[in-house]
Amino acid sequence: MADRTSAALSRLTLTDFRNYEHLDLAFSKPLIAFVGDNGIGKTNILEAISFLTAGRGLRRAPFADVGRVSGPGSWSVSTILNQNGDETRIGTGLTSGEAGRRVRIDGEDVRSSENLL
Ligand SMILES: Nc1ncnc2c1ncn2[C@@H]1O[C@H](COP(=O)(O)OP(=O)(O)OP(=O)(O)O)[C@@H](O)[C@H]1O
Ligand SMILES: [Mg+2]
């Protein structure tokens, strides 16, 4: 049987991401449900999490469209990831005016989101 790896987020922080100017969530349970009215921002949180791996995010939206309307144009998503007893800090986001998103793993800039794999 293939090795199975589980990863859990203990923290998720969004800045100027979709409808969130700032959101800071701490998770202490292994299973989390987001509940709320239509259009409140549940899928936006899942989209933010999807930027914690390689690629263009679950909506495949242009990075500039992900920034909060009436925000500065830049946006960021950061997390603390717990995996096999190790804690990894991941940050990603767009700097206003740039085409590609930046990715940082444990404080170090990496060349591409492929490093998140
Ligand atoms: N770039 C953006 N800046 C600000 N707000 C945005 C941006 N993109 C989307 N939104 C807002 O995000 C909201 C939609 O959020 P989301 O899709 O996460 O809702 P939801 O809770 O998943 O709703 P549903 O239950 O219908 O699936 C809308 O109010 C929309 O106006
Ligand atoms: Mg939704």
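**Close-up views of a predicted model**

**View 1. Strand 1 and strand 3 run antiparallel, joined by 8 bridges.** Strand 1 covers residues 7-17, and strand 3 covers residues 75-83. One facing pair is leucine 14 and valine 77, the latter in strand 3. The model shown here is predicted. Strands of a sheet pair through backbone hydrogen bonds, either parallel or antiparallel.

**View 2. An open sheet is built from 6 strands.** Their order is 2-1-3-4-5-6. The pairing is antiparallel. Strand 2 (20-26) and strand 6 (108-110) are the edge strands. Each of these two pairs on one side only. From one strand to the next, the twist averages 20°.

**View 3. Helix 1 packs on the sheet.** Helix 1 touches strand 1, strand 2 and strand 3. The directions of helix 1 and strand 1 make an angle of about 110°.

**View 4. Ligand 1 is surrounded by 15 residues.** The closest are Gly39, Lys42, Thr43, Asn44 and Val69. Helix 1 (residues 42-50) gives the largest share of this shell, with 3 residues. By class, the shell holds 7 polar, 6 charged and 2 nonpolar residues.

**View 5. Polar atoms of the protein lie beside oxygen and nitrogen atoms of ligand 1.** A polar backbone atom of glycine 39 is 2.8 Å from a ligand oxygen. For threonine 43, a polar side-chain atom lies 2.8 Å from an oxygen atom of ligand 1. Aspartate 65 has a polar backbone atom 3.2 Å from a ligand nitrogen. On its own, ligand 1 has 660 Å² of accessible area, and the protein covers 65% of that.

Technical notes: Residues numbered from 1 in each chain as written. Chains lettered and ligands numbered in written order. Predicted model: local features only at pLDDT ≥ 70, side-chain atom pairs only at ≥ 80, totals over all residues. Heavy atoms only, no water. Near = heavy atom within 4 Å. Polar contact = N/O pair within 3.5 Å; in protein donor to acceptor, adjacent residues only side chain to side chain. Areas by Shrake-Rupley, 256 points an atom, 1.4 Å probe, with all protein chains shown as cover. Helix = DSSP H or I, 4+ residues; strand = E, 2+ residues; numbered from the N terminus. Nonpolar A, V, L, I, M, F, W, Y, C, P; charged D, E, K, R; others polar. Pairing = 2+ DSSP bridges. Axes fitted to C-alpha atoms, helices over the stretch in contact; angles between N-to-C directions. Contact = heavy atoms within 4.5 Å.
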